[in-house]
Every structure is written in C-alpha cells, then in structure tokens.
Amino acid sequence: MSSDKGTQLLIVEDDLALQKQIKWSLDQFSAVTADDRDSALVQLRRFAPPVVTMDLGLPPDADGTDEGFKLLEQILLQAPDTKVIVLTGQNGQANALRAVAMGAYDFLAKPFEPEVLGLTVERALRLAELQAENNRLHAMRQPDSLGGLITRDPAMLKVCRTIEKVASANATVMLLGESGTGKEVLARGLHQASPRRNERFVAINCAAIPENLLESELFGYEKGAFTGAAKTTVGKIETANRGTLMLDEIGDLPMPLQAKLLRFLQERVIERVGGRQEIPVDVRIVCATHQDLKQLTTEGRFREDLYYRLAEIVVNIPPLRERVGDAALLAHAFVKRFASEHSRRSLTLAEDAVRAVEAHPWPGNIRELENCIKRAVIMADGNQITADDLGLTAPEAESDASLDLRTVRDEAEKKAVIAALARSNGNVLRAAELLGVSRPTLYDLMHRFGMK
C-alpha cells in the first residue's frame, strides 16, 4: 500500500496534451492525473492529495463550467482541507471569483507561466501541511481548564473539545455518563473555561438529599417558613448567582420540584420557600445523570418539557472501560499522588498490576480505580504495588506480538478489506474505491490474507 501514499498533487485536465505538459512542469511534485469528474473523485479518494489543480471545462460539458463546479463542490465536501487551484480561460475572471467564493484556494488564467503555477502549488502544499499539523496538535490538546482530567483517549479528548466550545455560550449543558466517569470534573472545567470563572461554582446532588429538604436546599427559605426555620436562608440556586450551578443526578429530582425548576429556567426568577417575592437569578446550569432521561420521560417519571430545557447541549461521557489506555494512565497518576501523600515516593506499579488494571472492566469507573489504588498504596509492603495488592487477578502476560505494529496493522487491514468487499457485494473495483487503494493493491491484500 506504500505506493498509494505520499501523493502531493492531483491534476484534473481533459486535454491530454495539456495534462502532460502540466505534469511535466510540476515534476518536482508527486502527481496523479484525471480527465473527468468521476476519475478525479476516484483519485481523490485513493490518494487523498492535499493539492488539486483543475480545469473547469470537463466532459461531458467541456465548453461549459457546470461539470467543473460540481467537481469543486464535491472535492470540498469530501475533503474540506484540500487546496484547489482552478485554471481558467482568459475570459474566466467571473468563474474564477465564483470558484474562490466556493472555497477554491487560488486561480490562474490560461496560458499560465509554469514557474507561477509551481510556486502556487508549493505555497498551497506548505499551507496544507501546516493545517494538517495544526489539526493533529489540536486533536491531541486538552483544554487548560480541564487540567484535572487525565486522558489520551480520542473519544474523551473529543468530549474535552466539546466542553471548551460550549463554555463561552450560556446554553444549559447535560452531561450523561455512568457514575464515576468524571462528570463533576468536566462541569468544573466548563465553569473555569467560561466567562463566569471568577464567580462561584456550586454543586448539589439531587439524589443525596431527602425530598422534603431538597426544595429548601435549592430555593432557600424565609424565616418562619416551617418549624425550625429560625432565619432566612439562601438556597443553592441563589448562592450560584452570576456563576455556575451543577445539578448532579438530575434524574432523581422529584416531580413537584421539576415543575418549579422548569419555571425558574423559563423565567429566571425564584421564590424562596414561604416567600412571595420573586428574586431574579443569573446562573449557568450544568446537569448530570447516569440515567436514561428519555426513557424516564416515556415512563412519566421526568417532565419532557424540562428535559428539552436542560438538554440544549448534550455531552456523552464514555465509561473507563471504553477509553483506550486511560485505566493504566490514571493508575500511574493515582499511585504518584497517593504515594506522595503517604510519604512513599518510591512506590510504583508492578507489571502484573498494570496488566490487571488494563484487564479489569471497572464498573465503578474512575472512582473505583482511585479507591483501589489508594487502598493499595496504604497496604503494599514493598516498593512495588502488585496485582494482589490491588485485589485483582492479572491476566496471562501478553506476548510482544500483541503490540507489534505490523500485526495490529495487518488485523486492521484484514477487517477493512472484508468490510469493503461485503459492502460492495464482492465488486473488487468498488471495494478498492471504498478503501482508497488501487485494484492491484487490493488484489495483493486479498492474496496476503488468503481471500479468493
């Protein structure tokens, strides 16, 4: 498959003599060619070139521009970062401007100077490389406001970027995830990344407070509102004024309070228990739950209108067992933290302990892992924490082959080839296009994997 990689340029031109001339003048670049829209899209999928030069006049509309503009639109739809250089006739200024407005990188009028075309391609290629590197670094970056979150898992990093994006908006955010997945850490990170960062972050667990006390905890109460109400007390919502309020386990909010919370979200005013005065409150709401709120609405246990008020932005947090490599990463971090707290700085995880951590499903997620490591740090006798210290069973030692990149790549390629052939109903040409490789390359892969 290496022959399909490293292509820098796709030249789309139906005049074969001019096509050869362009390719010859750009011989410093690794280039492939196409002479119509369909072949151009196949080459785009197969080689993923960062730069494309294209004529707008392509068959079957060689004298017009419709086919060329369709191709430009499809290129930018399939590969938005591709730099497209449009080559136009002498009177094609209006078409060139339209192409740039659609997203083309640049345009050159025919006949063009080969040196100018070469410089334009080189500049476009450099920009594409910089953008690709920037995208790669951005995808790996974790927002500073989420410094308390340790992860390298792509799905979890995507969650971090979502939190960063929505932080500046005032939309209500709903965090969905199993218990112990880090919902409060994300909520605090959201607050820290928001314009409200200098105000208070207030969290309340709706499941931890008895129903008869929850209303006064949330909304506060006036002096004499009930027996024992000796003084006026401000509730959590009012306390968080101008800041962020996190309503944890929102699925356990009793029905009467759901109606009162809905009114607050609509009107942005509250009334304390026993009070008659409406008090305006400006607060950002972040709610969290491990329950399926849509199912609760179907069962009549959660108000549908409240659900849609709370679910302006929904963020699904993956459990620890689905985060690639995070269990071991977190385990090492927890050992370092707790060993420092207990003056056992030389303490480390043994190899069997790391394997046990990676193999365990962690139904309690990060909270369970944290407690497990803390207990082991306290109880371990030597300078290494073993699987026994963790109370886990270590699986058989992995062979080095299980992490061998060639083996992993072969397995991934085999699965992809099988899926592509299945989707194309055995059509090798179509399967090759889906995989983005040439037909001979696909035949080679099929032979290597013993497929007929």
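## A guided look at the predicted model

A48 sits in the loop that links α2 (37-47) to β3; helices here are DSSP runs of H or I with at least four residues and strands are runs of E with at least two, numbered from the N terminus. This is a predicted model, in which local features need pLDDT of at least 70, side-chain atom pairs count only at pLDDT 80 or more, and totals for chains, interfaces and linings use all residues. Residues are numbered from 1 along each chain as its sequence is written, and side-chain values use heavy atoms, with hydrogens and water left out.

Let's start with the backbone. Most residues other than glycine have a negative phi, and most peptide bonds are trans. The table gathers two residues with positive phi and two cis bonds.

| Site | Feature | Loop |
|---|---|---|
| A48 | phi near 45° | between α2 (37-47) and β3 |
| S343 | phi near 55° | between α13 and β13 (348-349) |
| P59 to P60 | cis, omega near 5° | P60: between β3 (51-55) and α3 (66-78) |
| K110 to P111 | cis, omega near -10° | P111: between β5 and α5 (114-140) |

A48 counts as exposed because its relative accessibility is 55%, and S343 is exposed at 66%. The cut-offs are under 20% relative accessible area for buried, over 50% for exposed and partly exposed in between, with a 1.4 Å probe and protein chains only.

Strand β5 (residues 106-109) has D106 and L108 on its covered face, while F107 and A109 are on the uncovered one. Strand β4 (residues 83-88) runs parallel to β5, and four bridges join them. I85 has D106 as its bridge partner in β5.

Now to the largest pocket, whose volume is about 570 Å³. A pocket is an open set of points on a 1 Å grid over the protein atoms alone, where a 1.4 Å probe fits, with protein on both sides within 12 Å along at least five of seven lines; lining residues have an atom within 4 Å of a point. Its lining has 26 residues, with G182, K183, V185, I366 and E370 nearest the centre. Helix α7 gives the largest share of that lining, five residues.

How confident is the predictor? On the pLDDT scale from 0 to 100, the protein has a mean of 89, and 94% of its residues reach 70 or more. Among the elements, helix α17 (residues 405-423) has the lowest mean, 83, and strand β8 (residues 244-248) the highest, 97. Helix α17 contains E413, which is buried at 17% relative accessible area.

Notes:
Grid points are joined across faces, edges and corners, and a volume is the space filled by probe spheres set on the points. Two strands pair if DSSP finds at least two bridges between them. pLDDT is the predictor's confidence in each residue, from 0 to 100.
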